[in-house]
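The following account is intended for a reader meeting this structure for the first time. It turns to a pocket and then to a helix.

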Amino acid sequence: MADVEEIIAESIRIYGTVQGVGFRPTVWRLARAHSLTGSVWNDADGVGIHVWGTTWQLEGFVRSLRSETPPLARIERIERMQLIDVPMPASFEILSSVNGETHTDVAADAASCSACQGEIMDPANRRFRYPFTNCTHCGPRLSIIRAVPYDRANTSMSRFPLCSVCQAEYQSPVDRRFHAQPNACPVCGPRVWLEDTNGEILETADGEDVIGTAQRLIAAGKIVAVKGIGGIHLACDACNEDTVERLRRCKRRYRKAFALMAKDIAVIQRYAFVDEASRRALRSAAAPIVVLDASGESVAAAVAPGYTTLGFMLPYSPLHHLLLQQWERPIVLTSGNLSDEPQCITNGDARSRLAPIADYLLLHDREIVNRLDDSVVRVMAGKRRLLRRARGYAPAPIALPEGFTASDAILAMGGELKNSFCLLQRGRAILSQYMGDLENAYAYEAYRENLARYRTLFDHNPRSIAVDLHPDYLSTQLGQEIAKAEGIELIGVQHHHAHIAACMAEHGVPLDTKPLLGVAMDGLGYGDDGTLWGGEFLLVDYRSCRRLANFTPVAMPGGARAIIEPWRNAYAHLQQAFGWEWVRAHHHSLEIVQAVEKQPLHNLARMIERGLNSPLASSCGRLFDAVAAVLGLSVDAQLFEGQAAMELEAISAPYFSAQRSNVYPFETVQSEQEGWVIHFRSLWRALLQDLSEGCEAALIGARFHQTLCALITTNAMRLARAENVDRIVLSGGVFQNRLVLEGVSERLNASGLRVLSPASVPANDGGIALGQAVIAAAKVKARALCERKGQV
């Protein structure tokens, strides 16, 4: 008679994004398939399992856990321990959640799955045209959660008791809505309605529901505020020029491109080129806005004035699918706010703030707890790259590289523009969703609220706080306040060091790696020497940063006004390179010279000479502004950050590849005091000559882009050889310019150097909080090591 294999018991712990994603029913199903007994439950650590079976059964079970993970789940690690002196149960059960100190993840909101889409379009289904249909594979997560564990009682769905049918689904492990916390139906769930700006509820026509009425109003040229998952949007017909123009005026968003939504890929392809990587991004669970090259049919010119790209997304909630069901053209779907303010999330806020913009409001009674802007993605250099990390991505954790596992808890406050903050603990970084520009009072208030909510949600009690060195950043000042109030350490982190370190962490560069070369190109950042930086070549590891080379510092006459008015940068660059008298004498007929001549140049020259409100900045961003202004783009003012540079990229793109060999000259000079400095006198001389000879602005722009790629590559290769490094990190907002990123990457890769550039974390200031966090953690670890050595 064959021996009966021994039954053993194990305690299995699953860490990662494993709550609210259908993980427990998957465990239940797999345990039954492998003839195991035991139990599974949620707690603040993630998912716990007690299981009994043979060694062969348990090994197969654990393999299945990894290979048959639910669509939205992400296993970070599995820990297994022998279970002793616990009675063996007769079956496998799903237990209630257990509270405790939070160590688990919160899932990101996910686009509607195909099964839920099918239900809302099926007249025979009880959820036909129900806009809040969801299951464990899709729907709201972060946007509705107040606390962990992720149970219905801890979400904004707590006020909607389940009907008997939904309750049966919720309790059945074989149902895809088992423990789907937002589960609902027309009988028991949230409701949607349509009202005018006076608060009057609109009656629907026979055979039409409120979403159908909203659809009809949009087709008639109306602007409708639409409450979605993470915020309220403004929707209108993207092909109606008058309506889009009216939306711009009322929203006070005069130049920045509007986002578009279309019902499917086929509609998008009529208006833009969709490559395979972009197609996958559009169809992903995150459902971001994807920046595509415009091609084919045209939307209203006011959708993206001055640009050759369009930002498209697909419907990501049942409400959006129903709204777009009959549409064969795109709609504008832009954030419900005045320009630069945070998006509205409450019905009351929408009624007061959007009444001057919208004609009607399509609202519902499910509370949005956490505001989430739409994420933005662009495929560049062969990779999907996040330009804005928000809905669908946040707050997914970022696993930190080797060496950071036992780091102390760190709170990193982020920057001033495109802010996000970061919580570092237990070897992971939780990077918040996009918060916006903190200079706006509404945005700063939302930043403070979300910071407090995240700290509560993730039980985060930092030992140190990391801040930018700039003393005037509101994030820095708040970090100082928190550190003082809670009696914890404050660590200042240089802006461009943070840019490079964030990219290093994203790519898994270990803590104790040898230094590598960082190329940081952006608008502005406070330097170690108290001046403004922005065109930097740095020797970097996580603990230290040494400046090797930089763009020549140029004055910013008027200080912050020079960021808004590009002509000031043009004047400052040309004044420094030649003196204005020479420019006037040799190029007096150029439009930029005539425009600048109308300004109070005597006062500006004195300001620069005396250093009055004219800080020096080695900024690549301000160089872009200067070139754009000289070429007639956004000369007097740019209405949003980066406008001039984006317009310059747009006109240059068609000519860029053909101009690779037509590079303007530049100089790199070494001095004992300043190291290597890159000068642009020769560049400006050649560029002005081209312009004076009637060369097309777009062609000059393409040559400038190629010149920037060449000078970055030439200096990076020389410095890499001198410092004996083989890896180069590219980061900063300038590398969101596709021409620059692809041009530099191609040249450096061809030289045999390994190039790292941001993809899952934004290259702009939306990513620096991650860099701040890992730099602070590295410095704390280094200090602790020195202290231990001192005690030996």
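**A pocket and a helix**

In this predicted model, the second largest pocket is lined by 26 residues, and those nearest its centre are R74, A108, G392, Y393 and A396. Two elements each give two or more residues to this lining, namely β15 (383–388) and β16 (398–399). The largest share, 3 residues, belongs to β15. The volume of the second largest pocket is about 570 Å³. Sorted by class, its lining comprises 18 nonpolar, 3 polar and 5 charged residues.

The second subject is helix α12, which covers residues 474–486. This helix contains 13 residues, and the distance from its first C-alpha to its last is 18 Å, close to the 18 Å expected at 1.5 Å a residue.

Which residues of α12 are buried? They are S475, T476, L478, G479, I482 and A483. Viewed down the axis of α12, these buried residues fall within an arc of 165 degrees, and they therefore line one face of the helix. A general rule helps in reading such a pattern: an α-helix has 3.6 residues a turn, so residues three or four places apart point the same way.

The buried residues of α12 pack against three elements: α11 (441–457), β20 (464–468) and β21 (489–493). On the face of α12 turned away from the buried side, by contrast, lie the exposed residues K484 and A485. Just after the helix comes G487, which adopts a positive phi of about 65 degrees.

Technical notes. Residues are numbered from 1 along each chain as its sequence is written. This is a predicted model: local features need pLDDT of at least 70, side-chain atom pairs count only at pLDDT 80 or more; totals for chains, interfaces and linings use all residues. Side-chain values use heavy atoms; hydrogens and water are left out. Helices (H or I, at least four residues) and strands (E, at least two) are DSSP runs, numbered from the N terminus. The expected span of a helix is 1.5 Å times one less than its number of residues. Buried means under 20% relative accessible area, exposed over 50%, partly exposed in between (1.4 Å probe, protein chains only). The arc is that of the directions from the helix axis to the C-beta atoms. Contact means heavy atoms within 4.5 Å. On a 1 Å grid over the protein atoms alone, a cavity is a set of points where a 1.4 Å probe fits but cannot get out, and a pocket is an open set with protein on both sides within 12 Å along at least five of seven lines; lining residues have an atom within 4 Å of a point. Grid points are joined across faces, edges and corners, and a volume is the space filled by probe spheres set on the points. Ala, Val, Leu, Ile, Met, Phe, Trp, Tyr, Cys and Pro count as nonpolar, Asp, Glu, Lys and Arg as charged, and the others, Gly among them, as polar.
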